[in-house]
Amino acid sequence: GFTGPGGVGGGGGGGESLKVLQDKLAILLLDHLGDAGEEATKQRHRERLHELLLTCSSPEWMLSQLPEGMLEERALILKRMGKDKELVQVLLRKNWCEDGAVAEEEQVRKFLEDEQLHTVDPVQVLSCLPDTLPLSSMLGYIETSFSQTLQERKKMSILKSLTKQEALQVRGELVNHQKQSVVVSPESVCRACYKRIQNSVFILDNDGRLIHYNCYRRLQNGGK
């Protein structure tokens, strides 16, 4: 039977959560991928499995269920978990060939172009590569990473400036409101009930007219 995260078995009752059912489906898809079958069907199963891995209830548990050879799937979960170091190692295994059939620089290019590396610290990526590699094989990746870093810093700088500007604007509006003064004479009346304000609690409406606080609350509640 299915034993999910935390060792809880999945029975056939109707009280199973959606997450538990999705975990069960992911395990079934894993089993099917290990069986013989049409490539088109396997590809559909694999795409559905990828969707489930991105939403599974316990990424750590699901990672423990994946065969060592399913590197792409392991990379998806490690990326979701934020384990950059392990992710880089898996992607390196995924794109590296030890038999010499593919030139080393070509393998580096494939590895560095992997989309899942885009969010990983470039220093961590480069530290995993062999020391014997020529710098020229890494220049494209370094330039792209540097450009992305500059863009992110530029975005953060713009966002910071806009936030400061908004804060100054709000502060200015607050000061203007605090500067407002109202003269209440014995003849001043509430714009809602037309009774005199006198010593009652009042506020200014949007038109700058006086209104009892209780009248204002009553209007806000639909006149009740």
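Contact here means heavy atoms within 4.5 Å. Going by that, 36% of the contacts between residues at least 6 apart in sequence join residues at least 24 apart. Keep in mind that this is a predicted model.

**The overall picture**

The protein has nine helices and two strands. Reading from the N terminus, you go through α-α-α-α-α-α-α-α-β-β-α, with the two strands sitting between α8 and the last helix. Of the 224 residues, 26% are buried. The exposed surface comes to about 15,600 Å², and carbon and sulfur atoms supply 52% of that.

As for confidence, the mean pLDDT is 81, and 87% of the residues score at least 70. Among the elements, helix α6 (residues 104-112) has the lowest mean, 77. At the other end, strand β2 (residues 210-212) has the highest, 92.

**Two helix pairs**

Two packed helices are described by the angle between their axes and the distance between the axes. Here are two such pairs:

| Pair | Angle between axes | Axis distance |
|---|---|---|
| α4 (residues 71-81) and α5 (residues 84-95) | about 160° | 9 Å |
| α1 (residues 18-33) and α2 | about 150° | 9 Å |

Why do α4 and α5 count as roughly antiparallel? Angles over 145 degrees get that label, and this pair packs at about 160°, so α4 and α5 are roughly antiparallel to each other. The crossing of α4 past α5 is left-handed, and α1 likewise passes α2 in a left-handed crossing.

Now for who touches whom. On the α4 side of the first pair you'll find Leu 71, Glu 72, Arg 74, Ala 75, Leu 78 and Lys 79; they meet Glu 86, Leu 87, Val 90, Leu 91, Arg 93 and Lys 94 of α5. In the second pair, the α1 residues that meet α2 include Leu 25, Ala 26, Leu 29 and Leu 30. Their partners in α2 include His 45, Arg 46, Leu 49 and Leu 52.

Which residues of α4 are buried? They are Leu 71, Glu 73, Arg 74, Ala 75, Leu 76, Ile 77 and Leu 78, so the list holds Glu 73 and Arg 74 along with several leucines. Their cover includes α2 (39-53), α3 (59-65) and α5. Just after α4 comes Gly 82, with a positive phi of about 75°.

**The loop before β1, and a histidine in β2**

The loop between α8 (139-179) and β1 (202-204) is home to Asn 199, and both Tyr 194 and Gln 198 are found there too. Tyr 194 has a positive phi of about 60° although it isn't a glycine. Gln 198, not a glycine either, has a positive phi of about 50°.

Are these loop residues buried or exposed? Asn 199 is exposed, with a relative accessible area of 82%. Tyr 194 is exposed at 64%, and Gln 198 is exposed at 55%. Asn 199 and Val 184 are 15 residues apart in sequence, and their C-alpha atoms are 9.2 Å apart in space.

His 212 lies in strand β2. This histidine is buried, with a relative accessible area of 10%. What does His 212 contact, leaving aside neighbours within four places in sequence? The answer is Cys 190, Cys 193, Lys 195, Arg 196, Ile 197, Ser 200, Val 201 and Phe 202.

Key:
Residues numbered from 1 in each chain as written. Predicted model: local features only at pLDDT ≥ 70, side-chain atom pairs only at ≥ 80, totals over all residues. Heavy atoms only, no water. Helix = DSSP H or I, 4+ residues; strand = E, 2+ residues; numbered from the N terminus. Buried < 20%, exposed > 50% of the residue type's maximum accessible area, 1.4 Å probe, protein only. Areas by Shrake-Rupley, 256 points an atom, 1.4 Å probe, with all protein chains shown as cover. pLDDT = per-residue confidence, 0-100. Axes fitted to C-alpha atoms, helices over the stretch in contact; angles between N-to-C directions. Parallel < 35°, antiparallel > 145°, perpendicular 65-115°, else oblique. Left-handed = near helix turned anticlockwise from the far one by under 90°.
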